[in-house]
Structures are given as C-alpha cells and as structure tokens.
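Got a minute to walk through a fold together? Have a look at the structure first, then we'll trade questions.

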Amino acid sequence: MKTLAENGAQPAQAGQYNPYDASLWLNEDLSPYSVQACRKTDRTPAPIALHSHGFYELVYCRTCSGVKYLIGAALYPLQAGDVLLIPPGVSHCAVLPEVMTAPFVRDVVRFTQHFLYEQARLYPGRQLYPFGNTRLLHTAGEKWENIGTLFQTGITESEARLRDWERVLQASTIHILCLLFRVLAEQDTSLLMEDTSPLLLQVMDYVEKNLAEKITLESTAKFFSTSKSTLSQTFRKKTGVSFYTYVIQRRLIAAKALILQGVPLEQVGKHVGFTEHSAFYRAFKQKYGISPKEYRDSHNGTG
C-alpha cells in the first residue's frame with residue numbers, strides 16, 4: 001500500500017482530516033498523536049483477534065516463544081529481535097501457542113500516513129516506508145540488533161512525557177524506519193514465511209479471493225478435497241477461532257477498506273459477501289462498536 005507521499009496525494013484540507021483526532025484511532029487505546037509507542041505483554045493464550053488499522057504499525061518482538069503472527073494470509077513464526085511491518089488495511093493478529101512457556105512481549109510503534117507525508121515533504125525524493133510486501137525482518141545476531149533500543153526510547157518518552165517528548169518519539173520512529181530500510185537492503189527475506197500448515201494458508205488465501213461469494217465450511221472443504229471436520233479442527237487448532245468467525249472477520253476488514261475508498265454504504269456489504277445490508281450493519285456495529293456511517297464520517301471529518 002502506497003503512502004500519501006509515494007502516490008503524490010496531498011493531505012486533506014482542514015476540516016476534512018486531522019491526524020491528531022483521537023476518534024480516528026477506532027477501538028484502540030491510543031493518545032491523539034500522529035505517533036505512539038507502547039509495550040504489550042500476553043501471558044496466557046487467547047482466541048485469535050484478527051483486525052486491521054488505518055495506520056502503520058511496527059512490532060518489535062522481545063520474547064515470543066512459540067508465537068506465530070498472521071499477516072494477511074501468511075503465517076510467520078517469530079523469534080526475539082524480529083520486527084513486523086504492518087501497513088494500513090492489512091489484517092493481522094498474534095497466534096499464541098496452547099501452552100505459554102514465556103510471555104509474549106513486544107514493543108509497538110504506530111504512526112499515521114500524515115506523519116509519513118510530513119517527513120517526505122521535509123526530505124523530497126526519499127521514501128520513508130519502502131518495504132513493499134515485506135512483512136517481517138530478522139535482526140537477532142545482525143549488526144542491526146540494537147534497533148530494540150530505539151523502540152525502547154519511544155516507549156520511555158511516551159511514558160515519561162517530559163518536555164518535547166513527542167518530538168523525541170517522532171525522531172526515534174524516523175530512525176527506526178531508516179535503519180529498517182538498510183536492513184531490508186541487505187537481508188534475504190524470501191524464506192521467512194512458514195510453510196508447515198499448507199492447508200490453513202491455502203484456505204486463508206481462498207477466503208481472501210472469494211469474499212464477495214458465498215463461503216461455507218462445506219463448500220470450502222469440498223473445494224480442498226477434505227472433510228468438514230478436518231478443516232474445522234485445523235482452523236480452530238491453528239487460529240483459536242472457528243472457520244465461520246474468521247470469514248466474518250475478513251469480510252468486515254475488507255468492508256472497512258471499501259468504506260474508506262468511497263464505496264456507497266448500501267453496496268459495501270454485497271461486495272464482501274453479506275446478502276442483506278441489515279446483516280452487514282449488525283455485524284459491523286457488533287465488531288467495531290460504531291455503524292458503517294459513523295466509521296466513514298470519522299475518517300471524513302464529518303462526524
């Protein structure tokens with residue numbers, strides 16, 4: 001996904017888009033700044049919580065024994081020092097092991113497209129998010145392994161909130177992006193995706209390509225020449241949720257993207273597989289706590 005700076009677009013005029021408006025960070029405990037850093041810790045396994053954001057997210061893994069991360073339709077096994085690169089609109093979530101031998105601790109830095117635009121304006125001709133389809137980079141044992149200190153700097157500044165802490169946080173984020181660009185230029189990323197669960201990944205890809213169609217457990221199992229019970233058990237064991245729940249989550253994430261693209265609300269549901277607008281409305285509000293119209297208006301500055 002291109003940034004505003006990469007595709008030549010200009011930020012919206014005043015009254016249309018405010019990157020510091022807390023209402024844009026839907027369903028997230030974030031402060032109303034264009035960059036934010038925090039540390040998260042999971043000590044017990046939990047069901048998969050597939051989601052997407054309207055902002056960029058960098059995740060630095062500190063401890064992650066047995067944890068895998070699902071980004072789009074790709075499942076990545078994690079190790080300490082890994083950095084996940086998650087652009088806006090891409091579905092993702094942690095897949096925790098059934099038995100946690102150690103907590104899953106990660107540092108998270110989030111920033112808006114407006115933040116990238118402002119930096120690109122200061123340094124014309126430079127791409128600050130040139131990662132393309134790369135979603136994971138290893139840093140452990142590499143000369144870049146001190147990148148964790150930059151994530152720590154952002155967290156420390158966010159917690160202490162001393163004078164000019166926002167500027168320091170933004171500077172450390174730019175430093176992280178520039179360093180990651182250097183890593184990407186030298187590191188082979190072709191073998192980072194896990195291939196030990198081909199059925200799961202194939203089914204996820206199938207769902208992704210057929211969101212507008214009717215998708216059932218029976219028809220999907222038949223398509224992959226397997227039984228409903230095998231598919232259901234594989235899905236729940238690997239992700240922690242049912243096949244049906246995963247499909248609904250993917251439909252709603254795709255719906256958010258269509259809404260932001262300006263597709264009329266009464267047509268969005270049909271584009272992602274809901275036969276009735278009322279069913280789409282109920283599912284969207286149950287998942288996100290707001291209606292599709294409220295979601296659209298919050299991003300257009302009209303809410």
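**Sheet, helices and rings**

Helix α4 (residues 165–186) lies across β1, β2 (56–63), β5, β7 (104–111) and β8, and runs at about 75 degrees to β1. Keep in mind that this is a predicted model.

Reader: Okay, in what order do the five strands of the open sheet come?
Author: The pairing in this sheet is antiparallel. At the edges sit β1 (35–42) and β8 (136–137), each pairing on one side only. Reading across, the order is β1-β7-β2-β5-β8.

Reader: And which residue in β8 is the bridge partner of V83?
Author: Strand β5 covers residues 83–86 and pairs with β8 in the antiparallel sense, over two bridges. For V83, the partner in β8 is L137.

Reader: Moving on to helices: are α8 and α10 roughly parallel or roughly perpendicular to each other?
Author: The axes of α8 (residues 243–260) and α10 (residues 277–288) come within 11 Å and cross at roughly 95 degrees. Angles of 65 to 115 degrees fall in one class. The two helices are therefore roughly perpendicular.

Reader: What kinds of residues make up the contact of α8 with α10?
Author: From α8 come Q249, L252, I253, A255, K256 and I259, and they meet F280, A283, F284, K287 and Y288 of α10. By type, that contact divides into two charged, one polar and eight nonpolar residues.

Reader: Now the rings. How far apart in sequence are the parts that the pair of Y206 and F224 ties together?
Author: The structure holds 15 aromatic pairs. Y206 and F224 form an edge-to-face one, 5.6 Å centre to centre with 80 degrees between the planes. Y206 lies in helix α5 (residues 198–209) and F224 in the loop between α6 (217–223) and α7 (228–239), so the parts tied together are 18 residues apart.

Reader: Is Y206 buried or exposed?
Author: The relative accessibility of Y206 is 16%. Buried means under 20%, so Y206 counts as buried.

Reader: Which residues form the one aromatic cluster?
Author: Rings pair if their centres lie within 6.5 Å. The cluster's members are Y56, F111, F115, Y129 and F131.

Reader: Last one, on backbone oddities: is S225 buried or exposed?
Author: S225 has a phi near 55 degrees, a positive value in a residue other than glycine. It sits in the loop between α6 and α7. With a relative accessible area of 71%, S225 is exposed.

Notes: Residues numbered from 1 in each chain as written. Predicted model: local features only at pLDDT ≥ 70, side-chain atom pairs only at ≥ 80, totals over all residues. Heavy atoms only, no water. Axes fitted to C-alpha atoms, helices over the stretch in contact; angles between N-to-C directions. Helix = DSSP H or I, 4+ residues; strand = E, 2+ residues; numbered from the N terminus. Parallel < 35°, antiparallel > 145°, perpendicular 65-115°, else oblique. Contact = heavy atoms within 4.5 Å. Nonpolar A, V, L, I, M, F, W, Y, C, P; charged D, E, K, R; others polar. Phe/Tyr/Trp six-rings, centres within 6.5 Å; stacked < 30°, edge-to-face > 60°. Buried < 20%, exposed > 50% of the residue type's maximum accessible area, 1.4 Å probe, protein only. Pairing = 2+ DSSP bridges.
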